[in-house]
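Me: Please take a close look at a single strand in this structure. I would like one connected account of where it sits, what it pairs with and what it touches.

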Amino acid sequence: MKHHFLNETRGLPQKGPDNRIVHWHVFRTPEEADDYVRHIVLGAEQRLVGGFDQDSVGMLWWVGVEVEDLTHWGNMAAVHKHAE
């Protein structure tokens, strides 16, 4: 994989005061997750995050965008996720 963070064990983002991940997408194969990254355009004070985890179906990989300052980013109601 081209994106090293996909090789790290990291659970899906959870709601909470420490979560600054504003968008994430879940995949069932690492290749799909790796390919998805090239379609993301980051803004100022944003970075790519992600990793792999497991649920009752099997392995999953996720890719997300984390912002530096959530209050500066905007509306918390706009935070969203997608699963394949």
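**A close look at β3**

Reply: V65 is a residue of strand β3, and it is a convenient place to start. The model is predicted, and every value below is computed from it.

V65 has a relative accessibility of 9%, so it counts as buried, the cut-off being under 20%. Leaving aside neighbours within four places in sequence, V65 is in contact with R20, I21, V22, H23, I40, L42, Q46, R47 and V49. One of these contacts is I40. The C-alpha atoms of V65 and I40 are 8.7 Å apart, while 25 residues separate the two in sequence.

The rest of the strand can be taken next. Of the 9 residues of β3, 8 are buried, so the strand is largely enclosed by the rest of the structure.

Now the pairing. β3 runs antiparallel to β1, and 6 bridges join the two. In this part of the sheet, H25 stands opposite V63 of β3. β3 also pairs with β2, again in the antiparallel sense, over 9 bridges. Here D53 has L60 in β3 as its bridge partner. β2 and β3 form a hairpin, with 4 residues between the strands. G58 lies in that turn and has a positive phi of about 155°.

The nonpolar cores come next. The largest one has 7 residues: F5, L6, F27, A33, V37, W61 and V63. Both α1 and β3 supply at least two residues of this core. Another core, of 6 residues, lies apart from it and includes V26, V49, L60 and W62.

W61, a member of the largest core, has a long list of contacts. Not counting residues up to four places away in sequence, W61 touches L6, H25, V26, F27, R28, T29, P30, A33, G51 and F52. Among these, L6, F27 and A33 are also listed in the largest core.

Charged residues are the last topic. Side chains of opposite charge can pair when their charged atoms come close. A search of the whole structure finds 4 salt bridges. One of them involves β3 directly: R47 and E66 form a salt bridge, with their closest N and O atoms 2.7 Å apart. R47 lies in strand β2 and E66 in strand β3, so this pair ties together parts that are 19 residues apart in sequence. R47 is partly exposed, at a relative accessible area of 46%, whereas E66 is buried, at 7%. Through salt bridges that share partners, R20, R47 and E66 are joined into one network.

Another salt bridge links R28 and D55, at 2.7 Å from N to O. R28 is in the loop between β1 (21–27) and α1 (30–37), and D55 is in the loop between β2 (46–54) and β3 (59–67), so this pair ties together parts that are 27 residues apart in sequence. R28 is partly exposed at 31% relative accessibility, and D55 is partly exposed at 30%. R28 is also one of the residues that W61 touches.

To sum up, β3 pairs with β1 and with β2, supplies residues to the largest nonpolar core, and holds E66, which forms a salt bridge with R47 of β2.

Key
Residues are numbered from 1 along each chain as its sequence is written. This is a predicted model: local features need pLDDT of at least 70, side-chain atom pairs count only at pLDDT 80 or more; totals for chains, interfaces and linings use all residues. Side-chain values use heavy atoms; hydrogens and water are left out. A salt bridge is a side-chain nitrogen of Lys or Arg within 4 Å of a carboxyl oxygen of Asp or Glu. Buried means under 20% relative accessible area, exposed over 50%, partly exposed in between (1.4 Å probe, protein chains only). A nonpolar core is a set of buried Ala, Val, Leu, Ile, Met, Phe, Trp, Tyr and Cys residues joined through side-chain atoms within 4.5 Å. Contact means heavy atoms within 4.5 Å. Two strands pair if DSSP finds at least two bridges between them.
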